[in-house]
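Dear colleague,

Please find below the structure that I am handing over to you, with its sequence. My notes on what was found in it follow directly afterwards.

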Amino acid sequence: MIKPSLNTVISTLIFLLFLGCNFKTDSKKGVSKSISAANILGNPKYLAISYGAYRANSRDIQPTIFQIKEDLKLMYAMGIRVLRTYNVQPNFPHATNILKAIYQLKQKDSEFEMYVMLGAWIDCLGAWTDSPNHNIESPRNEGEINRAVILTNKYPKIVKIISVGNEAMVKWATSYYVQPNVILKWVVHLQNLKKTGKLPKETWITSSDDYASWGGGDSKYKVKNLEKLIKAVDYVSMHTYPFHNSHYNPKFWKVPENDIELSKKEKIDNAMLRALEFAKTQYKSVSKYVKSIDSTKAIHIGETGWSTTSNGHYGANGSKASDEYKQGLYYNYIRNWTKDEGISCFYFEAFDESWKDAKNQQGSENHFGLFTKKGKAKYGIWNLIDEGVFKGLKRDGNSITKTFNGNTKELMKTVLAPNTEYQK
């Protein structure tokens, strides 16, 4: 028998230690498997959600690590295993603190499992001013990318995806959008870092943008640099919002002639089924275009959601789309569809955040959460209260209870049917 050298033994031990650090054991099968984006995306065991922990009307008031841990425990209890963040801006250490909180929870409990799609904000020169230059990128972008790389390398067991930009190419983002070549530049940069060992090779790189930006709509988006971008990303992350389209593109939303005689609830239920079909259609349109460029490329949903309050376009004087009943139907419809199809869906979002429209607290952007700011569970997840999954958990001292005290009749008093096609 050949006796191994000391160096061989040491090398073997180091390799086994590496495996122990980077693989997870499936206790049911006794088989170890690597946990990477490839394992997570499209896997129904890894429910995904967009997460902001902000409680105040300004991002200047940062949530504490303790508050973030409270939220993480709530999301974990409801089956969430992947979070999406949006920026790593130095003035707002929100994403950094989320990673710290996850790390600390994992140190305390090795079974705690939570991963992150880390967003790097990308915008143009002069973004958020009166004269944005959409053909030149902001010099701030380089810092965003560098910080995302540093955090990914610091927390490689947590950060599994980096998203370059959020709705950064869609042209209705008039305050900050950039051309596809900017997103392409940074995606290629990150892919090169993976090749040279400066970023974990299992990290997946994407950009998360409106369905139109991925070629699912207007042909003006279907440019050469978009084709190159589709080939460069590890997967496509697209957004779809039937909620917003209930105002901007309402043909699918209004009650058709053959539903006129139905009850209010039946009209609403049918409208929500049409909303689901609207999302499916946008997904299919992106898939058709993306597959024509790269037949191997997967498409997942980086954002979709439904607001529960609006004193504007989506409220009583608008499309009448915003309420908890409709949100609950949409949430469950979209979860069931994406689960069946093997699509990851980063539902927007976990908790209401009031900083988004700070001057108008009844604005729809403040009310996309499945939980209120005080931790009340909205209609779409009342069933989780019944199942007792939040027992003993709190948000800012508040036990998790149902909105409307769980009274469906009281809830339905706030729910309006969409306008009919013939209503002026």
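A residue is called buried here if its relative accessible area is under 20%. In this predicted model, Cys 345 has a relative accessibility of 3% and therefore counts as buried. Cys 124 is likewise buried, at a relative accessible area of 0%. The number of disulfides is zero.

As to confidence, the protein chain has a mean pLDDT of 93, with 91% of its residues at 70 or more. Residues 1-32 should be read with this in mind: their pLDDT stays under 50, and the model gives them 15 contacts beyond four places in sequence.

The fold contains a closed barrel of eight strands with parallel pairing, in the order 3-4-5-8-9-10-11-12. On average, neighbouring strands of this sheet are turned by 25 degrees against each other, direction ignored. Within the barrel, strand 5 (residues 115-120) pairs with strand 8 in the parallel sense over five bridges, and Ala 120 has Val 164 of strand 8 as its bridge partner. Helix 5 (residues 140-154) lies across these two strands and runs at about 160 degrees to strand 5. Helix 10 (residues 324-341) also packs on the sheet, where it touches strands 3, 4, 11 and 12, and its direction makes about 175 degrees with that of strand 12.

Strand 8 (residues 159-166) also holds Asn 166, which is buried at a relative accessible area of 8%. The side chain of Asn 166 makes a polar contact of 2.8 Å with the side chain of Arg 84. Other residues that Asn 166 touches include Tyr 86, Trp 121, His 239 and Glu 303.

With kind regards

Methods: Residues numbered from 1 in each chain as written. Predicted model: local features only at pLDDT ≥ 70, side-chain atom pairs only at ≥ 80, totals over all residues. Heavy atoms only, no water. pLDDT = per-residue confidence, 0-100. Contact = heavy atoms within 4.5 Å. Helix = DSSP H or I, 4+ residues; strand = E, 2+ residues; numbered from the N terminus. Buried < 20%, exposed > 50% of the residue type's maximum accessible area, 1.4 Å probe, protein only. Polar contact = N/O pair within 3.5 Å; in protein donor to acceptor, adjacent residues only side chain to side chain. Disulfide = S-S within 2.5 Å. Pairing = 2+ DSSP bridges. Axes fitted to C-alpha atoms, helices over the stretch in contact; angles between N-to-C directions.
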